[in-house]
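Colleague: I would like to learn how to read a fold like this one. Could you take me through its features in turn?

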Amino acid sequence: MMHSEDSSPSPKFPERISKDEINALPIFRYTGPVRLVRTEEALELARQTLLQEEIIGFDTETRPVFKRGESYPTSLIQMATAKEVFLFQLNELDKLTGIKSILSNPAIKKVGVALRDDFVMLRELENFTERGVV
């Protein structure tokens, strides 16, 4: 489990969930709005919304690799609130400008699976210190 270096107490979560535990969970389908963020205007609207949140779901996507030693930069960041999802197309934006204020904000908990690798890849695009990561 990855925790950023903030001083707020974090609830205790299991570090691993078994396949049986995952399979026992109910299936859920998100039906809310999905906002594609690839312009500066859309970025600012997403940023203003996300800065008001306490918890967001977080994930990244990278082009798959089929050859040893080959790698690609992160191409998409997904940030989800209880009401809407934002998909940040990084190749259309100025790196992480505008997003770093969310990633570095300890008051906004970024929750996801295997986030350590996501943040390693994001720091290759632009240097920042993530905070509030669970």
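**Reading the sheet and its core**

Modeller: Start with strand 3 (residues 74–80). Of its 7 residues, 5 are buried, so strand 3 is largely enclosed by the rest of the structure. Keep in mind that this is a predicted model.

Colleague: How many strands form the sheet, and in what order?

Modeller: The general idea comes first. Strands of a sheet pair through backbone hydrogen bonds, either parallel or antiparallel. Here, 5 strands form an open sheet with mixed pairing, in the order 1-4-3-2-5. Strand 1 (34–37) and strand 5 are the edge strands, each pairing on one side only. On average, neighbouring strands are turned by 25 degrees against each other, direction ignored.

Colleague: In which sense does strand 3 pair with strand 2, and over how many bridges?

Modeller: Strand 2 and strand 3 are antiparallel, with 6 bridges. Take the residue pairs. Glu61 has Leu76 of strand 3 as its bridge partner. Asp59 stands opposite Gln78. Thr62 stands opposite Thr74.

Colleague: And how do strand 3 and strand 4 pair?

Modeller: Also in the antiparallel sense: strand 3 and strand 4 (residues 85–89) share 5 bridges. A hairpin of 4 residues joins strand 3 to strand 4. Look again at Leu76. Its bridge partner in strand 4 is Gln89, while in strand 2 Leu76 partners Glu61.

Colleague: Where does the parallel pairing come in?

Modeller: Between strand 2 and strand 5, which run parallel and are joined by 3 bridges. One residue pair to look up is Ile56, whose bridge partner in strand 5 is Lys110.

Colleague: Now the helices. Which strands does helix 4 lie across?

Modeller: Helix 4 lies across strand 2, strand 3 and strand 5. Its direction runs at about 65 degrees to strand 2.

Colleague: Which strands does helix 2 touch?

Modeller: Helix 2 packs on the sheet and touches strand 1, strand 2, strand 3 and strand 4. Its direction makes about 135 degrees with that of strand 4.

Colleague: How should I read the nonpolar core, and which residues have the most contacts inside it?

Modeller: In soluble globular proteins, nonpolar side chains tend to be buried together. Here, the largest nonpolar core has 22 residues. Ile77, Met79, Phe88, Ile99 and Leu122 have the most contacts inside it. At least two core residues come from each of helix 2 (40–50), strand 2, strand 3, strand 4, helix 3 (100–103) and helix 4.

Colleague: What is Ile77 in contact with, beyond its neighbours within four places in sequence?

Modeller: The contacts include Phe58, Asp59 and Thr60. Phe86, Leu87, Phe88 and Leu90 are also among them. Leu96, Ile99 and Leu122 complete the list.

Colleague: Next, the rings. How many aromatic pairs does a search of the whole structure find?

Modeller: The search finds 3 aromatic pairs. Read centre distance and plane angle together. The rings of Phe58 and Phe119 have centres 5.0 Å apart and planes at 10 degrees, so the pair is stacked. It links distant parts of the chain: Phe58 is in strand 2 (residues 55–62) and Phe119 in helix 4 (residues 115–125), 61 residues apart.

Colleague: Are those two residues buried or exposed?

Modeller: Phe58 counts as buried, at 4% relative accessibility. Phe119 is buried too, with a relative accessible area of 0%. Phe119 has another ring partner. Its ring centre and that of Phe128 lie 6.1 Å apart, with planes at 65 degrees, so that pair is edge-to-face. Phe128 is buried as well. Ring pairs thus link Phe58, Phe119 and Phe128 into a cluster.

Colleague: What lies over the face of Tyr72?

Modeller: Arg63 does, at 4.1 Å from the ring centre.

Colleague: Last, the backbone. Which value of phi does Lys95 have?

Modeller: Phi of Lys95 is near 50 degrees, a positive value in a residue other than glycine. Lys95 sits in the loop between strand 4 and helix 3. With a relative accessible area of 47%, Lys95 is partly exposed.

Colleague: And where does Ala114 lie?

Modeller: In the loop between strand 5 (109–111) and helix 4. Ala114 also has a positive phi, near 55 degrees. Ala114 counts as exposed, at 53% relative accessibility.

Key
Residues are numbered from 1 along each chain as its sequence is written. This is a predicted model: local features need pLDDT of at least 70, side-chain atom pairs count only at pLDDT 80 or more; totals for chains, interfaces and linings use all residues. Side-chain values use heavy atoms; hydrogens and water are left out. Rings of Phe, Tyr and Trp (its six-membered ring) pair if their centres lie within 6.5 Å; planes under 30 degrees apart count as stacked, over 60 as edge-to-face and the rest as tilted. Buried means under 20% relative accessible area, exposed over 50%, partly exposed in between (1.4 Å probe, protein chains only). A charge sits over a ring if NZ of Lys or CZ of Arg is within 6 Å of the ring centre and within 35 degrees of the ring normal. Two strands pair if DSSP finds at least two bridges between them. A nonpolar core is a set of buried Ala, Val, Leu, Ile, Met, Phe, Trp, Tyr and Cys residues joined through side-chain atoms within 4.5 Å. Contact means heavy atoms within 4.5 Å. Axes are lines fitted to C-alpha atoms, for helices over the stretch in contact, and angles run from 0 to 180 degrees between N-to-C directions.
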